[in-house]
Amino acid sequence: MASYEYDLVITNGICVTAADIASYDIAVKDEKIVLLAPSGSLAQADAEKIIDAEGGYVTPGGVDCHVHLEEPAMFGKGSSSDTYETGTRSAVAGGCTTIVGFAPQQKKEPSLLKALADTHAKAKGNSYCDYGFHMMVGNPSLEALSELKTLSENEGITSLKIYMTYAALQIRDDQILSVLLEARSNRMLTMIHAENGDVLNWLTDQLESQGLVAPKYHSTSRPPILEAEATNRAIALSSLIANTPILLVHVSDPGATLRIRQAQTAGQPVFAETCPQYLFLTRDDLDAPVFEGAKCVCSPPPRDKASQDAIWTGLRNGTFTVLSSDHCPFNYNDAEKGKMTCITAENPVGKFREIPNGIPGIETRLPLVFSSGRLALAKFVEVVATNPAKLYGMYPRKGSLIPGVSDADIVVWYPEGRRDITITNEILHHATDYTPFEGRQVGNWPRFTILRGKVVWDRDNGGVVGKKTFGKFLKRGASSLDRIWETVEEQGAFDVAAL
Ligand SMILES: *[C@@H]1O[C@H](CO)[C@@H](O)[C@H](O)[C@H]1NC(C)=O
């Protein structure tokens with residue numbers, strides 16, 4: 001077999017990282033980026049494959065750290081329409097090379113380790129891209145908390161997610177404190193879904209008693225103040241436990257954003273995520289004819305236009321560390337496991353309380369934001385790849401283009417001005433029967449997606465050309481963003497007597 005100096009060379013591209021934008025060629029060997037060279041200088045290199053980027057942008061592969069796949073039914077009858085196989089297939093077609101999914105512990109389970117083993121069994125051999133897991137803690141029992149040490153030290157699971165809402169997952173404030181304390185001593189980052197579950201249940205009862213059950217009332221039942229209140233509470237609880245690092249997931253409300261910014265300004269290790277649904281959808285999308293609005297039911301709900309603008313501002317000014325999809329797909333036209341499970345003879349427009357919460361978006365995240373024109377490209381790379389890799393302990397292996405260090409996870413975009421692509425569900429690769437972004441125009445799309453040096457998506461020649469066995473489990477280390485754990489340690493341990 002012929003042996004080449006390089007496995008792959010990408011020539012004639014404009015490379016974008018979180019740090020800079022410049023024209024250079026990239027050489028790949030043994031799954032790693034090994035050389036950056038002056039533009040065009042590797043056009044004749046001894047390489048097994050040469051991709052001519054034709055002047056298009058070249059970015060690190062997307063890192064999507066908020067993805068729900070193949071989870072057990074936790075929202076009434078709804079269960080995920082995507083498996084690891086179909087979800088990660090969709091990921092690579094949208095330029096994403098790493099995902100972090102969830103290993104969900106149910107309330108009835110005392111231990112976390114079984115949920116982790118079950119999730120490994122689902123993902124192994126079924127993933128088109130590299131993957132890790134966050135532990136979703138539904139029952140912070142003594143047993144569960146005692147397992148955090150082995151999760152972070154041996155299993156490569158360095159983040160947890162907890163919920164302040166949803167009957168199946170909501171935990172009390174005292175339980176949140178116990179989780180934060182244990183997470184802190186194990187250098188684990190705690191992700192928090194901040195909505196006040198008790199308040200939204202009460203508001204839902206009020207609406208139902210007046211017969212207001214159509215999908216649009218989903219957003220009425222979850223007003224912004226309920227997100228801002230829970231966000232503020234989460235920040236307060238984290239500060240109480242000696243500034244334990246937290247990440248507020250899927251932030252949609254400007255009030256919550258402002259509170260996060262204040263905590264950051266005060267030096268608290270508080271991080272925040274937002275998602276395309278809060279940049280491209282509004283609550284009006286829940287008010288579509290008959291039941292169609294259910295396609296955009298997710299939590300928190302999309303807000304108004306002014307809120308959208310504030311979220312964009314927060315992305316630009318650094319309040320948001322990461323931009324994830326929160327891909328949480330349910331089929332629409334499905335009365336067994338999808339959105340339509342809540343339609344009955346009694347409720348022909350459904351009952352918003354029972355609509356499974358979540359929307360698909362793993363494949364559309366990068367194209368929507370890349371071509372929005374509302375984010376500088378280096379900032380785009382920072383929030384969709386570099387920061388997620390740092391925040392979740394995968395940097396610099398993931399999220400950058402550093403020779404000798406970074407995996408060759410790369411997206412080659414089309415040269416500017418060549419494409420006008422309309423998003424329709426037919427062009428997507430998930431196993432979900434709709435996209436909430438149907439009909440939107442995007443100006444670009446990943447032309448090639450490369451995972452550890454292998455082309456896994458070639459839009460013009462074969463589409464998804466990778467295999468479901470290519471993805472590897474990533475054992476993650478502690479978060480390296482902004483030296484958060486060093487800062488936390490300088491502060492010293494939690495000491496209740498010192499409060
Ligand atoms: C950044 O944007 C957020 C959201 O719009 C806003 O609340 C915050 O005040 C801004 N911060 C600065 C320093 O401009």
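Two strands are taken to pair if DSSP finds at least two bridges between them. With that in mind, this tour of a predicted model begins at the sheet.

**The sheet.** Select the strands β7, β8, β9, β10, β11, β12, β13 and β14. These 8 strands form an open sheet in the order β7-β8-β9-β10-β11-β12-β13-β14, and their pairing is parallel. Strands of a sheet pair through backbone hydrogen bonds, either parallel or antiparallel. Now colour residues 62–64 and 322–323: these are β7 and β14, the edge strands, each of which pairs on one side only.

**One strand pair and its helix.** Restrict the view to residues 246–248 and 270–274. The first stretch is strand β12 and the second is strand β13; they are joined in the parallel sense over 3 bridges. Within this pair, Ile246 is found opposite Val270 of β13. Next, add α9, which packs on the sheet and touches both β12 and β13. The direction of α9 makes about 150° with that of β13.

**The ligand.** Keep α9 (254–265) displayed and add α11 (305–316), since the tour now turns to the ligand. Each of these two helices supplies at least two residues of the shell around the ligand. Which residues surround the ligand? Show Thr257, Leu258, Arg261, Ala310, Thr313, Gly314, Asn317 and Thr319 as sticks to see the shell. By class, this shell has 2 nonpolar, 5 polar and 1 charged residues.

Two contacts of the ligand merit a distance label. At Asn317, a polar side-chain atom lies 2.3 Å from an oxygen atom of the ligand. At Ala310, a polar backbone atom is 3.0 Å from an oxygen atom of the ligand. Taken alone, the ligand exposes 360 Å², and the protein buries 62% of that area.

**Backbone features in loops.** Three loops complete the tour.

- Select Ser299 and Pro300. The peptide bond from Ser299 to Pro300 is cis, with omega near -5°. Pro300 belongs to the loop between α10 (277–280) and α11.
- Move to Tyr395 and Pro396, which are joined by a cis peptide bond with omega of about 5°. The loop that holds Pro396 runs between α13 (377–391) and β15 (410–413).
- Finally, centre on Asn12, in the loop between β1 (6–11) and β2 (14–16). Although Asn12 is not a glycine, its phi is positive, at about 65°.

Definitions and conventions:
Residues are numbered from 1 along each chain as its sequence is written. This is a predicted model: local features need pLDDT of at least 70, side-chain atom pairs count only at pLDDT 80 or more; totals for chains, interfaces and linings use all residues. Side-chain values use heavy atoms; hydrogens and water are left out. A residue is near a molecule or strand if one of its heavy atoms lies within 4 Å of it. A polar contact is a pair of N or O atoms within 3.5 Å; within protein, one must be able to donate a hydrogen and the other to accept it, and residues adjacent in sequence count only if both atoms are side-chain atoms. Accessible areas come from the Shrake-Rupley method with a 1.4 Å probe; for residues, only the protein chains shown count as cover. Helices (H or I, at least four residues) and strands (E, at least two) are DSSP runs, numbered from the N terminus. Ala, Val, Leu, Ile, Met, Phe, Trp, Tyr, Cys and Pro count as nonpolar, Asp, Glu, Lys and Arg as charged, and the others, Gly among them, as polar. Contact means heavy atoms within 4.5 Å. Axes are lines fitted to C-alpha atoms, for helices over the stretch in contact, and angles run from 0 to 180 degrees between N-to-C directions.
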